[in-house]
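Visitor: I have a model open and I'd like to learn how to read it. Could you walk me through it?

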Amino acid sequence: MLVSDLGEFGLIDCITRLIDKKSIKRAGPWQDLLVPAGDDAAAWKSRNGIELITTDILVEDIHFDFSYTSWQDLGWKSIAINISDIYAMGGRPQYALVSLALPGAHLVSDVLAMYEGIIKICNKYGIVLAGGNISASEKVVVNVTLTGMAGKDIMTRSAARPGDLIAVFGHPGLSTAGWKALIGHKKIDEADMKIMRRAHVHPAPGLDSGPRLAACGVRAAIDTSDGLLSDLEHMCEASRTGAVIYAQNLPVHRLLKKYFKQEFLEIALTGGEDYQLLFTAGPETMDAITKTMKPAPTVIGEIISGQPGKITVMDAKGNTFAFNCKGWDHYQRASCHE
Ligand SMILES: [Mg+2]
């Protein structure tokens with residue numbers, strides 16, 4: 001079987017099962033691990049609290065294209081996509097390692113511009129750039145490993161419960177709209193293009209959103225990287241629940257409605273790379289959060305009991321929608337957003 005037949009998530013499942021079957025689980029590190037492989041970050045107990053570690057990669061011509069991505073934005077984004085994973089566990093990011101692979105024909109000044117972007121976001125989010133590695137390659141590849149520290153409780157994908165409300169920060173799909181605008185031929189006003197482009201090449205997870213949610217008592221979260229429906233599905237599968245999304249409640253950005261009149265709902269539900277938090281909480285906790293956090297998250301649906309991972313999208317009249325794709329899968333992306 002080919003990797004492309006199995007898809008990204010099928011491949012992750014196979015690897016996870018192999019780890020489970022073949023690893024010799026000696027006392028020590030294994031016992032301290034708090035979540036199985038497959039959550040947004042690994043988490044384990046240490047003397048100081050709960051430590052987190054995550055890693056994510058950006059590959060030229062797969063995740064980004066230099067025709068619309070500056071080196072500085074590339075550096076910024078390589079860290080941002082890891083911050084949202086640490087936040088999704090309720091932690092604060094701490095130390096970053098950056099592995100860079102690139103052809104020797106690139107300018108030193110471009111590489112330094114990338115590190116300027118990395119340093120800028122590290123300064124904003126309180127991260128220490130602690131080291132890294134460089135290799136030759138045919139394309140530019142940036143892989144970041146980021147550690148974090150959580151308080152006494154973490155948030156996981158498996159803690160959503162029937163009756164919880166579902167909320168999301170930001171405007172789901174705006175990054176994908178930006179990407180479509182950057183590669184497409186639509187006529188887009190300059191000021192609008194700036195907003196959409198920024199959402200795609202310069203994502204900014206809400207500062208401290210993860211630790212703040214965890215401190216409010218939230219226990220279930222994931223970052224929106226693959227697409228709202230896909231990410232919610234991952235959460236519902238891990239939590240063995242279903243979910244209902246109320247389409248009229250989705251915080252669809254005005255520019256999605258302006259430039260994607262036919263597909264704005266589909267883009268909001270399936271467009272990836274927003275790197276904000278999607279989380280669930282009981283009604284009282286949710287009420288307190290939506291009243292106190294700035295910017296406030298938007299409540300978009302609820303967790304229900306039922307077939308694990310089954311998500312129903314409903315409009316104000318109770319009609320349900322069907323979508324061909326839920327979000328991004330690296331090896332099945334031909335069916336999504338192309
Ligand atoms: Mg994630």
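Guide: Here is a walk from the overall build down to single residues. Keep in mind that this is a predicted model.

Visitor: Let's begin with the inventory. How many helices and strands are in the chain?

Guide: The chain has 11 helices and 12 strands. Its C-alpha trace spans about 60 × 55 × 50 Å along the principal axes.

Visitor: What does the radius of gyration say about the chain?

Guide: The idea is to set the value against what a compact globule with that number of residues would have. For 338 residues that reference is near 20 Å, and the chain has 20 Å, so the two agree. As for burial, 45% of the 338 residues are buried.

Visitor: And how do I read contacts along the sequence?

Guide: Take the contacts between residues at least 6 apart in sequence, then ask what share joins residues at least 24 apart; here that share is 84%.

Visitor: What does the domain assignment of the chain give?

Guide: Two domains: domain 1 covers 40–150 and domain 2 covers 165–335. Their centres, taken over C-alpha atoms, are 23 Å apart. Where they touch, 20 residues of domain 1 are in contact with 19 residues of domain 2. On the domain 1 side, helix 3 gives the most, with 11 residues.

Visitor: Which residues have the most contacts inside the largest nonpolar core?

Guide: I79, M155, A221 and F279, in a core of 82 residues. Helix 3 (residues 71–88) is the top contributor, giving 10 residues to this core. Both domain 1 and domain 2 give residues to the core, so it lies between them.

Visitor: Let me zoom in on one of those. Which residues is I79 in contact with, leaving aside its neighbours within four places in sequence?

Guide: I79 is in contact with A96, I118, I121, C122, I127 and V144.

Visitor: Now for helices. How do I tell whether one is straight?

Guide: Compare the distance between its end C-alpha atoms with the span expected at 1.5 Å a residue. Helix 8 has 12 residues and reaches 16 Å, close to the expected 16 Å. Helix 1 (residues 3–22) is another story: with 20 residues a straight helix would reach 28 Å, but its end C-alpha atoms are only 21 Å apart.

Visitor: Where does helix 1 bend?

Guide: At F9, by about 75°.

Visitor: Is helix 1 buried or in the open?

Guide: None of its 20 residues is buried, so helix 1 lies largely in the open. Try S4, which sits in helix 1. S4 counts as exposed because it has 12 C-beta neighbours inside 10 Å, and 12 or fewer is the cut-off for that label. You can also check S4 against I303: they are 299 residues apart in sequence and 32 Å apart in space, C-alpha to C-alpha.

Visitor: How many of the residues of helix 8 are buried?

Guide: 11 of its 12, making helix 8 mostly covered. Among them are L228, L229, L232, M235 and C236, along with D231, E233 and H234.

Visitor: What do the buried residues of helix 8 pack against?

Guide: There are strands and helices on the list: strand 6 (165–168), strand 7 (220–223), strand 8, strand 9 (277–281) and strand 11 (311–314), plus helix 10 (264–270).

Visitor: What about backbone angles? Which residue just after helix 8 takes a positive phi?

Guide: That's R240, with phi near 60°, a positive value in a residue other than glycine. R240 is in the loop between helix 8 (228–239) and strand 8 (242–246). R240 counts as partly exposed because 15 other C-beta atoms lie within 10 Å.

Visitor: Where is D208 found, and what is its phi?

Guide: D208 lies in the loop between helix 6 (190–201) and helix 7 (209–215). Its phi is near 65°, again positive in a residue other than glycine. With 14 other C-beta atoms within 10 Å, D208 is partly exposed.

Visitor: One last angle, omega. Which residues does a cis peptide bond join?

Guide: Look for an omega near zero. The cis bond here joins K294 and P295, with omega about -5°. P295 is in the loop between helix 11 (283–292) and strand 10 (298–304).

Methods. Residues numbered from 1 in each chain as written. Predicted model: local features only at pLDDT ≥ 70, side-chain atom pairs only at ≥ 80, totals over all residues. Helix = DSSP H or I, 4+ residues; strand = E, 2+ residues; numbered from the N terminus. Expected span 1.5 Å × (residues − 1). Bend = angle between axes of the 7 residues up to and from the residue. Rg over C-alpha atoms; globule rule 2.2 N^0.38 Å. Contact = placed C-beta atoms within 7 Å. Core = buried A, V, L, I, M, F, W, Y, C linked by C-beta atoms within 7 Å. Domains from an automatic or database assignment.
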